[in-house]
Amino acid sequence: MAHQQLPSQSPIVGTEEHEQQAIDELIASLPISEGLVRPVHRLYQNFWCPITVLPNRHFKAKDKDIVLISHPKSGTTWLKALVFSVVNQSRFDISNTPLLTLNPHEVVPFIELKLWPDLDGLAEPRLLATHIPYLSLPESIKRSDCQIIYICRNPLDTVVSSWHFLVEAAWLMDKPVWSLEEHFETCCQGEILFGPFWEHMLGYWKESLERPSKVLFLKYEDLKEDIGGQLKKLAEFVGLPFTEEEEEGGVIEEIAKMCSLKTLKDLEVNRSSKLPGTTFEKRSFFRKGEVGDWTNHLTPAMVDRLNSIMQEKINPFGLQFKTR
Ligand code: PAP
């Protein structure tokens, strides 16, 4: 598949109208995938990209930014709550945290969605998020001193999680619902949003090995197994390690509890209403949150197929997942 390029980024030529026209032309020229997964997405720079991502290419990272990155349904919402809590420890007491009244996606905006138009106005260090694969990240994220925290999850679980999420979204919008088998096939073909998933993971995995102070690579399964240890790792990575006093005072446990699935799911703010700027209900970001839910949904043949994809595409690079 040809490597598609947007028109030159610098200098920005023409008016906004010309810019939009160039984007519209580019979008129209890209291979399209629709029918199985909503919304419609296009093959851009070899990943399946929602068309709303394309216009956001002028994003400029600042050296102090912390960018949280994931393939969808890998623990994005959880990671946002955890990093927000660690970074803002000195600003908000946990009993008074903005997470009590705002969804984690509202406190850490996605750079590819227009949830929060004035990203420049955010307090530093800015906490931002994206689902964009490494190769297609804005250059300033790669080149500046900003830090990246990537969260990854066993694809056996993300395929089940994303199916539930998209089916609920389709159902709420009165759109046709597709079967788990159809969705599974889409994932295996690499055509899920921001996919193929193996390239997404490997891009950040390789970068985390080459530049460990730039990219911290976390796994959902490790967070489930030892949230305290992972929180310490995360706090050290962003240069805000917990002091002995804080540890003895129980700060780590407080953050873990505040950001737990149960706490967040039960909050009024996360039980009703849509996420601003999207068609998604806030509650759909909180489901079971288990490692190994795939055992309840995937057939042995599906498990074998996905395992062989992982064995071929991911494991040779030293990346493996716990299954239960
Ligand atoms: P996103 O990439 O669209 O933002 P993301 O938050 O990564 O979604 O994925 C949602 C998954 O994380 C759900 O998994 P499940 O379908 O297997 O249940 C959701 O339940 C889980 N999740 C959300 N918040 C938490 C949390 N605080 N702790 C553990 N898991 C969580």
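**Note on salt bridges, ligand site and backbone**

1. Asp 293 and Arg 287 are joined through their side chains in a salt bridge, at 2.8 Å from N to O. A salt bridge here is a side-chain nitrogen of Lys or Arg within 4 Å of a carboxyl oxygen of Asp or Glu. The two partners differ in cover: Asp 293 is buried at a relative accessible area of 2%, whereas Arg 287 is partly exposed at 29%. Salt bridges with shared partners also connect Asp 65, Asp 120 and Arg 126 into one network. Buried stands for under 20% relative accessible area, exposed for over 50%, and partly exposed for values in between (1.4 Å probe, protein chains only).

2. The model is predicted, so local features need pLDDT of at least 70 and side-chain atom pairs count only at pLDDT 80 or more, while totals for chains, interfaces and linings use all residues. Residue numbers start from 1 along each chain as its sequence is written, and side-chain values use heavy atoms, with hydrogens and water left out.

3. By the rule above, the salt bridges number 16. One of them pairs the side chains of Glu 106 and Lys 282, at 3.4 Å from N to O. This pair ties together distant parts of the chain, 176 residues apart: Glu 106 belongs to helix 3 (residues 104–107), and Lys 282 to the loop between helix 12 and helix 13 (300–313). Both ends have low accessibility values: Glu 106 is buried at 18%, and Lys 282 is buried at 7%. Helices (H or I, at least four residues) and strands (E, at least two) are DSSP runs, numbered from the N terminus.

4. A salt bridge within one helix is that of Asp 266 and Lys 262, whose side chains meet at 2.7 Å, N to O. The two residues are four apart in helix 12 and therefore separated by about one helical turn. Asp 266 is partly exposed, with 41% relative accessible area, and Lys 262 is exposed, with 59%.

5. The ligand has 21 residues around it, and Lys 73, Thr 76, Thr 77, Ser 161 and Gly 289 come nearest. A residue is counted as near when one of its heavy atoms lies within 4 Å. By type, the shell divides into eight nonpolar, nine polar and four charged residues. In that division Ala, Val, Leu, Ile, Met, Phe, Trp, Tyr, Cys and Pro are nonpolar, Asp, Glu, Lys and Arg are charged, and the others, Gly among them, are polar.

6. Backbone atoms take part in several polar contacts with the ligand (pairs of N or O atoms within 3.5 Å). An oxygen atom of the ligand lies 2.8 Å from a backbone N or O atom of Gly 75. For Gly 289, a backbone N or O atom is 2.7 Å from a ligand oxygen atom. At Leu 261, a polar backbone atom is 3.3 Å from a nitrogen atom of the ligand. Of the 640 Å² of accessible area that the ligand has on its own, the protein covers 97%. Accessible areas come from the Shrake-Rupley method with a 1.4 Å probe; for residues, only the protein chains shown count as cover. Helix 2 (76–87) and helix 12 (261–266) are the elements that give two or more residues to the shell. Helix 2 supplies the largest share, three residues.

7. Lys 73, one of the residues nearest the ligand, has a phi near 75°, a positive value in a residue other than glycine. Lys 73 sits in the loop between strand 4 (66–70) and helix 2 and is buried, at 16% relative accessible area. Ser 273 also has a positive phi, near 75°. Ser 273 lies in the loop between helix 12 and helix 13 and is partly exposed, at 38%.

8. The peptide bond between Glu 124 and Pro 125 is cis, with omega about -5°. Pro 125 is in the loop between helix 3 and strand 5 (127–130).

9. Two buried residues are worth checking for long-range packing. Met 201, in helix 7 (residues 197–210), is buried at 2% relative accessibility. Its C-alpha atom is 7.5 Å from that of His 71, 130 residues apart along the chain. Leu 223, in helix 8 (residues 220–225), is likewise buried at 2%. The C-alpha atoms of Leu 223 and Trp 78 are 9.6 Å apart, with their positions 145 residues apart along the chain.

Note on methods. Polar contact = N/O pair within 3.5 Å; in protein donor to acceptor, adjacent residues only side chain to side chain.
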